[in-house]
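The exercises below lead a newcomer through one protein model, step by step. Try each task with the structure in view before reading its solution.

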Amino acid sequence: MIDLYSLVKETGAFKTVKGEKESGRLSHAYLILTADGENLTEYLKIFARLMVCSNGSPCNACRACTLIEKNAYSDVYLYPKTGESVTSEEVNSLIEESYLKPIESDKKIFILTHAETMNAAAQNKLLKTLEEPPENVHILIGATSEFPLLSTVKSRVKKLEIPPYASERLFSALKEDCPDAEKLSAAIACSDGTAGNAFALYNDQTLKDVTDLAVEVIVDMQSSKDVLKYSNKIALSKCDISKFLSVLELLFRDLLAFNEKGEAFVSNKVAFEKIKDAKNFKIGSILNALEKITEAQKRKKFNANSTMLTEWLLFQILEGKYKWQKL
Ligand SMILES: [Zn+2]
């Protein structure tokens, strides 16, 4: 199991709720935001344990903690019970439940996960309970983005964000599930700082191929003939261009970090071993490459043709490389 608890317990979001619990001032409703959709529900369950556990903050071992983890604790309700989004009907049942007294604990927690998929009618139904919930009722709303939520919902909840994690923290939380350290470093370097994305990339068979292609481009591309050769190769590999651009960006960032601050600051050490001899990239040409990659990422968002885009990008990188060599 990914050790999500070790990750989240260091966040401001967790510390805020912990402080409020310890001072007896838990809010009625929280909105927990994380880009990690894969682990959103697990994060919400950790917050529920934090709020309910009477042995610690949380102890992760008592009856309440164990049962919440298994989604079997009588005073913690997880919605949606079926399907992918919390519906109006489910909000109705939540409201009914909220008037009944807790059974084991001194409070009741209602978890609404993936609230970004709730429709406006369901959100509207929730408003009154969010504003004035019955005594000892707390609502934990989790979402991957706050934009689909009504402003009337957002104004009634305390918003807390789980930000992207630093690479070292992800590495220690994932190393048990992802034993290949080399592969894990590469996956984390390409992730958006979420455990879910890093884990998915670790298990993504194409990441290594994409990295090898990006390394080849940096080390071996010398002439405009090579530009065509490599843009064809990238097209034939059918790799995801966005992924290729992120990997290429990371490699150039590592070249920059190496040139400016030294090898200790390189993030993807394994791939870096293969590109560190690409000495003909001066700092100016590395910065140029990074700027063009950002431009390519923008163009990709506007649905630029992938083959033409890689061709354009590789030419720009090559041109920059020779321009700064002559200076
Ligand atoms: Zn506990």
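**Exercise 1. Which residues line the largest cavity, and which helix supplies the largest share of them?**

Solution. Bear in mind from the start that this is a predicted model. Begin with the residues themselves: the lining of the largest cavity is made up of Ala 189, Cys 190, Thr 211, Val 247, Leu 250, Leu 251 and Asn 268. Next, place them in the fold, where helix 9 (181–190) and helix 13 (241–261) each contribute at least two residues to this lining, and helix 13 has the largest share, with 3 residues. By character the lining residues divide into 5 nonpolar, 2 polar and no charged. Finally, consider the size: the volume of the largest cavity is about 30 Å³, and the count of cavities of 30 Å³ or more comes to 1.

**Exercise 2. Describe the largest pocket by its volume, its lining and the elements that form it.**

Solution. The volume of the largest pocket is about 270 Å³. Of the 17 residues that line this pocket, Glu 182, Lys 183, Ala 186, Lys 208 and Thr 211 are the closest to its centre. Turning to the elements, two or more lining residues come from each of helix 9, helix 10 (195–202), helix 11 (206–220) and helix 14 (269–275), and helix 11 gives the most, with 5 residues. The last step is to sort the lining by character, which yields 7 nonpolar, 3 polar and 7 charged residues. Thr 211 belongs to the lining of the largest cavity, and Thr 211 is also listed among the residues closest to the centre of the largest pocket.

**Exercise 3. Work out the order of the strands in the sheet and say which strands stand at the edges.**

Solution. The sheet is open and has 5 strands in the order 2-3-4-1-5, with parallel pairing. Strand 2 (76–79) and strand 5 (158–161) each have a single partner strand, so they stand at the edges, and one side of each is left without a neighbour in the sheet. From one strand to the next, the twist averages 20°. A helix can now be added to the picture, since helix 2 (residues 12–22) packs on the sheet, where it touches strand 1 (29–33) and strand 5, and its direction makes about 135° with that of strand 5.

**Exercise 4. Follow the bridges across the sheet: how many join strand 2 to strand 3, strand 3 to strand 4, and strand 1 to strand 4?**

Solution. Start at strand 2, which is joined to strand 3 by 4 bridges, the two running parallel; here the bridge partner of Leu 78 in strand 3 is Ile 111. Move on to strand 3 (residues 108–112), which 5 bridges join in parallel to strand 4 (residues 137–143), and where Ile 111 has Leu 140 as its bridge partner in strand 4. Then go from strand 4 to strand 1, again parallel and joined by 5 bridges, with Tyr 30 standing opposite Leu 140.

**Exercise 5. Are strand 3 and strand 4 buried or exposed, and what lies on each of their faces?**

Solution. In strand 3, 5 of the 5 residues are buried, so this strand is largely enclosed by the rest of the structure. To see both of its faces, place Lys 108, Phe 110 and Leu 112 on one side and Ile 109 and Ile 111 on the other, all of them buried. This division can be read against a general pattern: in a regular strand, side chains alternate between the two faces of the sheet. Strand 4 is likewise mostly covered, with 7 of its 7 residues buried; Val 137, Ile 139, Ile 141 and Ala 143 lie on one side, and His 138, Leu 140 and Gly 142 on the other.

**Exercise 6. Where is Ala 48 found, is it buried or exposed, and which residues does it touch?**

Solution. Ala 48 is placed in helix 3 (residues 40–52). Its relative accessible area is 0%, and because buried means under 20%, Ala 48 counts as buried. Leaving out residues up to four places away in sequence, Ala 48 touches Ile 68, Val 76, Ile 109, Ile 111 and Leu 140. Among these contacts, Ile 109 and Ile 111 lie on one side of strand 3.

Definitions and conventions
Residues numbered from 1 in each chain as written. Predicted model: local features only at pLDDT ≥ 70, side-chain atom pairs only at ≥ 80, totals over all residues. Heavy atoms only, no water. Pairing = 2+ DSSP bridges. Axes fitted to C-alpha atoms, helices over the stretch in contact; angles between N-to-C directions. Contact = heavy atoms within 4.5 Å. 1 Å grid on protein atoms, 1.4 Å probe; cavity = no way out; pocket = protein on both sides within 12 Å on 5 of 7 lines; lining within 4 Å. Points joined across faces, edges and corners; volume = space filled by probe spheres on them. Nonpolar A, V, L, I, M, F, W, Y, C, P; charged D, E, K, R; others polar. Buried < 20%, exposed > 50% of the residue type's maximum accessible area, 1.4 Å probe, protein only.
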